[in-house]
Amino acid sequence: MSERPVATASDLLRGFTEAELQQKAKDHLWMHFARQSVMTDGPGVPIIVKGEGHHIWDSQGKKYIDGLAGLFVVAAGHGRRRLAEIASKQAEQLAFFPIWSYAHPAAIELADRIADHAPGDLNKVFFSTGGGEAVETAFKLAKYYWKLQGKPTKHKVISRSVAYHGTPQGALAITGIPAMKEMFEPLTPGGFRVPNTNFYRAADMGAPTGSLEEFGVWAADRIEEMIQFEGPDTVAAVFLEPVQNSGGCFPPPPGYFQRVREICDRYDVLLVSDEVICAFGRIGHMFACDAYGYQPDMITFAKAVTSGYSPLGGTVVSDRIYEPFAHGDRAFYHGYTFGGHPVSAAVALENLAIFEEERLLENVRENSPVFRSTLEKLTDLPIVGDVRGDGYFFGIELVKDKVTKETFDDDESERLLRGFLSKALFDAGLYCRADDRGDPVIQLAPPLTIGPAEFDEIEQILRSVLTEAWTRL
């Protein structure tokens with residue numbers, strides 16, 4: 001990684017003082033997924049001014065470990081000069097042109113590269129600018145595909161409880177978090193939920209607790225049950241993340257996806273692998289479906305494809321689904337102005353070159369067991385109930401009672417996560433996610449460049465803060 005001249009925090013505030021930036025934020029900035037009261041009534045918002053490797057710096061000059069890769073995004077790490085330079089070079093040559101009936105070399109080459117990495121006959125790439133748009137694309141395409149097959153009643157989609165699939169109206173209908181949807185209802189119709197693969201909470205779902213394999217069969221069979229209940233002639237697709245993010249990193253039990261694939265084939269239902277988080281190295285493979293040995297009909301991606309240096313998303317589609325559009329006058333009337341943006345596509349190509357040159361996928365596969373075992377040291381703390389995940393993607397579930405697995409009520413979660421943990425972890429030098437979409441968890445998804453030394457540093461920070469959190473309960 002190229003070294004850059006060291007800049008102080010004051011150098012990076014774009015000519016404004018900290019107080020001036022906080023006032024401007026208070027007056028005009030609407031943050032995403034955030035309580036605006038931290039600015040309007042509180043002390044202000046953390047302002048991040050610099051990133052280098054797996055560290056970020058705030059406007060006060062304080063350094064933090066980026067334990068979430070921004071937002072599961074900065075896979076190759078911060079401060080990659082070559083990615084900035086390739087973006088500049090592309091912008092000078094062709095800053096923008098749409099792929100609406102036209103094309104440009106960067107989008108063509110990137111589609112070719114992604115198709116090479118995708119499994120089976122997933123050979124066509126429909127670009128968007130982010131993950132929610134990629135899911136929206138897959139939802140619309142699934143419904144249209146079945147209409148073209150003479151099965152217009154196949155419009156429903158099945159996803160899992162507590163799963164997050166995006167914020168557009170269609171993607172939100174697939175999302176399985178009621179509290180995120182109620183204020184926007186009525187949503188696009190057709191979304192139905194089945195149990196997720198949280199083995200730690202299997203008993204709460206009435207699922208078998210004897211073995212992971214048995215639990216996996218049970219969870220997959222709930223998909224078949226829902227298809228049968230709603231009617232196979234009404235179900236278009238099943239949307240599943242390889243490792244479910246929301247709720248705290250639920251990996252698939254052995255054999256789960258193979259069973260799901262059999263069910264989808266039996267009832268003529270499409271299987272969409274939502275890999276907005278899991279694709280491009282998070283699980284140690286370009287596409288996580290390869291890690292778990294299943295063949296989807298579509299894959300959605302975004303985030304790490306550019307390591308966040310420019311926005312890009314997309315949907316990889318099988319030849320079977322593409323075929324009705326290959327000839328004649330039929331078109332898929334759907335698209336985005338900035339989909340396949342030349343700068344983003346050029347950055348993605350260079351980002352994937354870094355992956356290969358620095359063996360980032362191999363780094364994840366080799367070090368993931370070490371990451372897991374390091375985090376599992378925390379299970380000696382009374383507040384830590386479970387450590388789960390895969391690759392460089394782990395969740396730590398917090399409990400009131402390790403024996404009974406009793407969780408925290410809403411008020412306790414409010415005091416624990418937002419009242420203490422989020423700020424305490426940040427103050428201790430670790431940026432990560434403390435979340436309660438489901439049971440309270442801490443999530444970690446650092447850049448793919450780190451290794452055992454950084455794992456130890458993360459564990460020590462977590463140990464200190466979680467020990468203090470227990471004393472406050």
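Two strands count as paired when DSSP finds at least two bridges between them. That rule helps with the strands described below. The model itself is predicted.

**The whole chain**

Start with the overall build. The protein chain holds 16 helices and 15 strands. Its radius of gyration is 22 Å, close to the 23 Å from the globule rule for 473 residues, so the chain is as compact as a globular protein of that length. The C-alpha trace spans about 60 × 60 × 45 Å along its principal axes.

How much of the chain is buried? Buried residues account for 55% of the 473 residues. The surface that the chain exposes comes to about 20200 Å². Carbon and sulfur atoms supply 53% of that area.

Now look at contacts between residues at least 6 apart in sequence. Of these, 71% join residues at least 24 apart.

Charge comes next. The chain carries 47 positive and 65 negative side chains. The centres of these two sets lie 2 Å apart.

**A four-stranded sheet**

One open sheet has four strands in the order β1-β2-β3-β13. Its pairing is mixed. Which strands stand at the edges? They are β1 (48-52) and β13 (430-431). Each has a single partner strand, so one side of each is left without a neighbour in the sheet.

Further in, β2 covers residues 55-58 and β3 covers residues 63-66. These two strands pair in the antiparallel sense over three bridges. One residue pair shows the match: H55 has I65 in β3 as its bridge partner.

**Strand β9 and its partners**

Strand β9 runs through residues 298-301. Are its faces covered or open? Both are covered. M298 and T300 lie on one side, I299 and F301 on the other, and all four are buried.

β9 pairs with β8 (residues 270-274) in the parallel sense. It also pairs with β10 (residues 313-318), this time antiparallel. In the first pairing, S273 stands opposite I299 of β9. In the second, T300 stands opposite T315 of β10.

The table sets out the strand pairings.

| Strand pair | Sense | Bridges |
|---|---|---|
| β2 (residues 55-58) and β3 (residues 63-66) | antiparallel | three bridges |
| β8 (residues 270-274) and β9 | parallel | three bridges |
| β9 and β10 (residues 313-318) | antiparallel | four bridges |

Notes
Residues are numbered from 1 along each chain as its sequence is written. This is a predicted model: local features need pLDDT of at least 70, side-chain atom pairs count only at pLDDT 80 or more; totals for chains, interfaces and linings use all residues. Side-chain values use heavy atoms; hydrogens and water are left out. The radius of gyration is taken over C-alpha atoms; the globule rule is 2.2 Å times the number of residues to the power 0.38. Buried means under 20% relative accessible area, exposed over 50%, partly exposed in between (1.4 Å probe, protein chains only). Contact means heavy atoms within 4.5 Å. Accessible areas come from the Shrake-Rupley method with a 1.4 Å probe; for residues, only the protein chains shown count as cover. Lys and Arg count as positive and Asp and Glu as negative; His and the chain ends are not counted. The place of a charge is taken as NZ of Lys, CZ of Arg, CG of Asp or CD of Glu.
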